[in-house]
Amino acid sequence: MNLGDLAANVLQQQRSTPDLIADALREAILRGIFQEGQSLRQDEIAAQFGVSRIPVREALRQLEAEGLVTLQLNRGATVSALSPAEAQEICEIRSALETTAIQLAIPQLTESDLEKATLILDATNQTTDAARWATLNWEFHAVLYTPANRPRLLTMIKTLHVNIDRYVRLQMEKMNYLEKSQKEHYQLLDACRQRDVKAAAKVLKRHIDAAGEELVAYLEQNRSDR
């Protein structure tokens with residue numbers, strides 16, 4: 001798959017052009033079609049989508065807000081690189097926000113929510129595609145957090161997931177992370193099913209913190225190997 005394929009897919013949707021372009025570019029970055037540090041030329045992207053540079057520029061600003069793109073005066077846009085320190089900070093913020101979300105959500109969780117979460121984990125067990133796994137990973141967490149009825153909090157958490165998503169995919173592909181992650185997901189779901197707020201928060205914090213530590217170690221090792 002390349003940017004042209006992604007462009008064709010998203011342009012079939014009924015949404016604003018900048019949002020559609022942002023969707024395609026985001027997926028291209030997450031899939032590694034665009035590598036960190038790579039220049040994103042607005043004229044080339046505009047030609048690929050058959051649009052002017054204006055919606056491309058708006059799309060790049062969206063991705064800058066998500067931390068995926070860096071915009072510099074007179075240098076244009078490049079794919080952001082995540083440093084070990086930034087990865088650690090993102091995971092620390094995730095830990096704080098997501099444990100808050102799960103504590104607020106558990107009293108409001110329905111059997112339907114728990115069933116949806118179970119089906120998502122079952123689907124995750126059946127996939128070996130990193131992109132699909134990343135999507136299901138967010139869907140699982142979102143199902144458990146949404147009943148908290150804190151839309152701004154959920155939006156902040158989702159932005160952090162997007163920002164670190166391409167590195168989480170690395171964990172799955174190169175660090176054999178899926179089995180460990182799934183085990184922790186089932187533990188979290190079990191705590192939620194038992195309405196054990198403290199246990200759920202503890203499992204979730206350990207899940208995020210451990211993933212963050214492994215990711216930081218990987219990024220530090222990868223940097224020293226260059």
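Among the contacts in the chain with a separation of 6 or more, 74% are accounted for by residues 24 or more positions apart. This figure, like everything that follows, belongs to a predicted model. Of the 226 residues of the chain, 49% count as buried. The secondary structure consists of 10 helices and three strands, and when it is read along the sequence these elements follow the pattern α-α-β-α-α-β-β-α-α-α-α-α-α.

Two helix pairs can serve to show how these elements are placed against one another, and the earlier of them in the sequence is a convenient place to begin. Helix α3 spans residues 42-49 and helix α4 spans residues 53-65, and their axes come within 9 Å and cross at roughly 110°. Because angles of 65 to 115 degrees count as roughly perpendicular, this crossing makes α3 roughly perpendicular to α4. The handedness of the crossing of α3 and α4 is right-handed. On the side of α3, the residues that take part are Gln42, Asp43, Ile45 and Ala46, and they meet Arg53, Val56, Arg57 and Leu60 in α4.

Further along the chain lies helix α6, which comprises residues 111-125. From its first C-alpha to its last, this helix of 15 residues reaches 21 Å, close to the 21 Å expected at 1.5 Å a residue. Which residues of α6 are buried? They are Asp113, Leu114, Ala117, Thr118, Ile120, Leu121 and Thr124. These residues cover an arc of only 160° around the axis, and they therefore lie on the same side of α6. What covers the buried residues of α6 includes two further helices, α7 (130-145) and α9 (178-193).

The pairing of α6 with α7 can be followed in more detail. The axes of α6 and α7 come within 9 Å and cross at roughly 165°; since angles over 145 degrees count as roughly antiparallel, α6 and α7 are roughly antiparallel to each other. The crossing of these two helices is left-handed. The contact is made, from α6, by Asp113, Lys116, Ala117, Ile120, Leu121, Ala123 and Thr124, and, from α7, by Trp133, Leu136, Glu139, Phe140, Val143 and Leu144. Several of the α6 residues in this contact, including Ala117, Ile120 and Leu121, also belong to the buried set of that helix.

Taken together, the two pairs give a roughly perpendicular arrangement for α3 and α4 and a roughly antiparallel one for α6 and α7, with a right-handed crossing in the former and a left-handed crossing in the latter.

Definitions and conventions: Residues are numbered from 1 along each chain as its sequence is written. This is a predicted model: local features need pLDDT of at least 70, side-chain atom pairs count only at pLDDT 80 or more; totals for chains, interfaces and linings use all residues. Side-chain values use heavy atoms; hydrogens and water are left out. Helices (H or I, at least four residues) and strands (E, at least two) are DSSP runs, numbered from the N terminus. The expected span of a helix is 1.5 Å times one less than its number of residues. Buried means under 20% relative accessible area, exposed over 50%, partly exposed in between (1.4 Å probe, protein chains only). The arc is that of the directions from the helix axis to the C-beta atoms. Contact means heavy atoms within 4.5 Å. Axes are lines fitted to C-alpha atoms, for helices over the stretch in contact, and angles run from 0 to 180 degrees between N-to-C directions. Angles under 35 degrees count as roughly parallel, over 145 as roughly antiparallel, 65 to 115 as roughly perpendicular and the rest as oblique. A crossing is left-handed if the near helix is turned anticlockwise from the far one by less than a right angle, and right-handed if clockwise.
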